[in-house]
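New notebook page. I want to find my way around this structure before anything else, so I'll jot down what I look up as I go.

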Amino acid sequence: MTYYKAARASPPPKTVLACSYTLLEHIILLMTTEVVVLYFAKSAELAEVRSENITVSHQVTSLQLWQELVRKHPRLVAIRDQVVLAVRQEYVSLGDELLILHPGDEVAVIPPLSGG
């Protein structure tokens with residue numbers, strides 16, 4: 001009986017805590033994905049990068065994705081009304097459209113183009 005009481009009073013082994021943390025990390029990773037963002041023309045100038053990898057929720061609206069990009073690069077707000085995103089080489093407008101992103105997907109930030 002004494003052994004049982006002593007065993008119950010002991011803190012859980014550290015390996016159990018480590019496993020719980022690893023499981024939590026795994027769950028978070030399943031909910032996010034890393035995508036490649038390509039910036040073109042004015043968007044590359046404003047973001048000061050031509051491409052980068054970012055981690056985002058694997059289910060996100062096009063507007064939420066844009067807001068994440070603006071959070072990382074606040075100067076992008078200057079082209080908000082003219083920008084178009086392309087996900088896996090398909091245009092998407094900013095709004096409530098739900099995007100399902102997969103690891104390595106390309107997201108292109110395409111600003112207004114001029115030319116003739």
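My entries below go from the sheet to the helix across it, then the core and the charged pairs.

**Entry 1: the sheet**

Note to self before starting: I'm looking at a predicted model. I went for the strands. Five of them, I see, make up an open sheet: 5 strands in the order β2-β1-β7-β4-β5, with mixed pairing. At the edges sit β2 and β5 (90-92), each of which pairs on one side only. I also looked up the twist: on average, neighbouring strands here are turned by 35° against each other, direction ignored.

**Entry 2: who runs which way**

Which way do β1 and β7 run relative to each other, parallel or antiparallel? I checked, and they run parallel, joined by 4 bridges. One place to look is valine 37, whose bridge partner in β7 is valine 107.

On to β4. This strand is joined to β7 by 4 bridges, and the two run antiparallel. Valine 84 is where I looked for an example: isoleucine 110 in β7 stands opposite. β4 is also joined to β5, by 3 bridges, again antiparallel. There I picked leucine 85, which has valine 92 in β5 as its bridge partner.

The link from β4 to β5 is a hairpin with 2 residues between the strands. Arginine 88 sits in that turn with a positive phi of about 55°. I'm keeping arginine 88 in mind for a later entry.

**Entry 3: the helix across the sheet**

I looked at α4 (62-72) next. It lies across β1, β2, β4, β5 and β7, and runs at about 125° to β2. Which residues of α4 are buried? I found Ser62, Leu65, Trp66, Leu69 and Val70. These buried residues cover an arc of only 140° around the axis, so they are on the same side of α4.

**Entry 4: the core**

I looked up the largest nonpolar core and got 24 residues. Those with the most contacts inside it are Val37, Tyr39, Trp66, Leu69, Leu76, Leu85 and Val109. At least two residues each come from β1 (32-39), α3 (41-47), β2 (51-57), α4, β4 and β7 (106-110). Which element gives the largest share? That turns out to be α4, with 4 residues.

Val37 seemed worth a second look. Leaving aside neighbours within four places in sequence, valine 37 is in contact with Arg50, Ser51, Glu52, Ile54, Leu69, Val107 and Val109. So one of the contacts of valine 37 is Val107, the bridge partner I noted earlier.

**Entry 5: a histidine after the helix**

I moved on to histidine 73, in the loop between α4 and β4 (84-87). Buried or exposed, I wondered about histidine 73? Buried: its relative accessible area is 12%, and the cut-off is under 20%. Beyond neighbours within four places in sequence, histidine 73 is in contact with Tyr39, Ala47, Val49 and Glu52. Tyr39 I had already met among the core residues with the most contacts.

**Entry 6: charged pairs**

Side chains of opposite charge can pair when their charged atoms come close. How many salt bridges does a search of the whole structure find? I got 4, and I wrote up three.

- Glutamate 45 and lysine 42 meet at 3.2 Å, N to O. Both lie in helix α3, 3 residues apart, about one turn of the helix. Glutamate 45 is partly exposed at 47% relative accessible area, and lysine 42 is partly exposed at 36%.
- Arginine 71 and glutamate 68 meet at 2.6 Å, N to O. They both lie in α4, 3 residues apart, about one turn of the helix. Arginine 71 is exposed at 57%, whereas glutamate 68 is partly exposed at 21%.
- Aspartate 105 pairs with arginine 88, with 2.5 Å between the closest N and O atoms. Aspartate 105 lies in the loop between β6 (98-100) and β7, and arginine 88 in the loop between β4 and β5, so this pair ties together parts that are 17 residues apart in sequence. Aspartate 105 is buried at 9%, while arginine 88 is partly exposed at 42%.

That last one brings me back to the hairpin turn, where I had noted arginine 88.

Conventions. Residues are numbered from 1 along each chain as its sequence is written. This is a predicted model: local features need pLDDT of at least 70, side-chain atom pairs count only at pLDDT 80 or more; totals for chains, interfaces and linings use all residues. Side-chain values use heavy atoms; hydrogens and water are left out. Buried means under 20% relative accessible area, exposed over 50%, partly exposed in between (1.4 Å probe, protein chains only). Contact means heavy atoms within 4.5 Å. A nonpolar core is a set of buried Ala, Val, Leu, Ile, Met, Phe, Trp, Tyr and Cys residues joined through side-chain atoms within 4.5 Å. Two strands pair if DSSP finds at least two bridges between them. Axes are lines fitted to C-alpha atoms, for helices over the stretch in contact, and angles run from 0 to 180 degrees between N-to-C directions. A salt bridge is a side-chain nitrogen of Lys or Arg within 4 Å of a carboxyl oxygen of Asp or Glu. The arc is that of the directions from the helix axis to the C-beta atoms.
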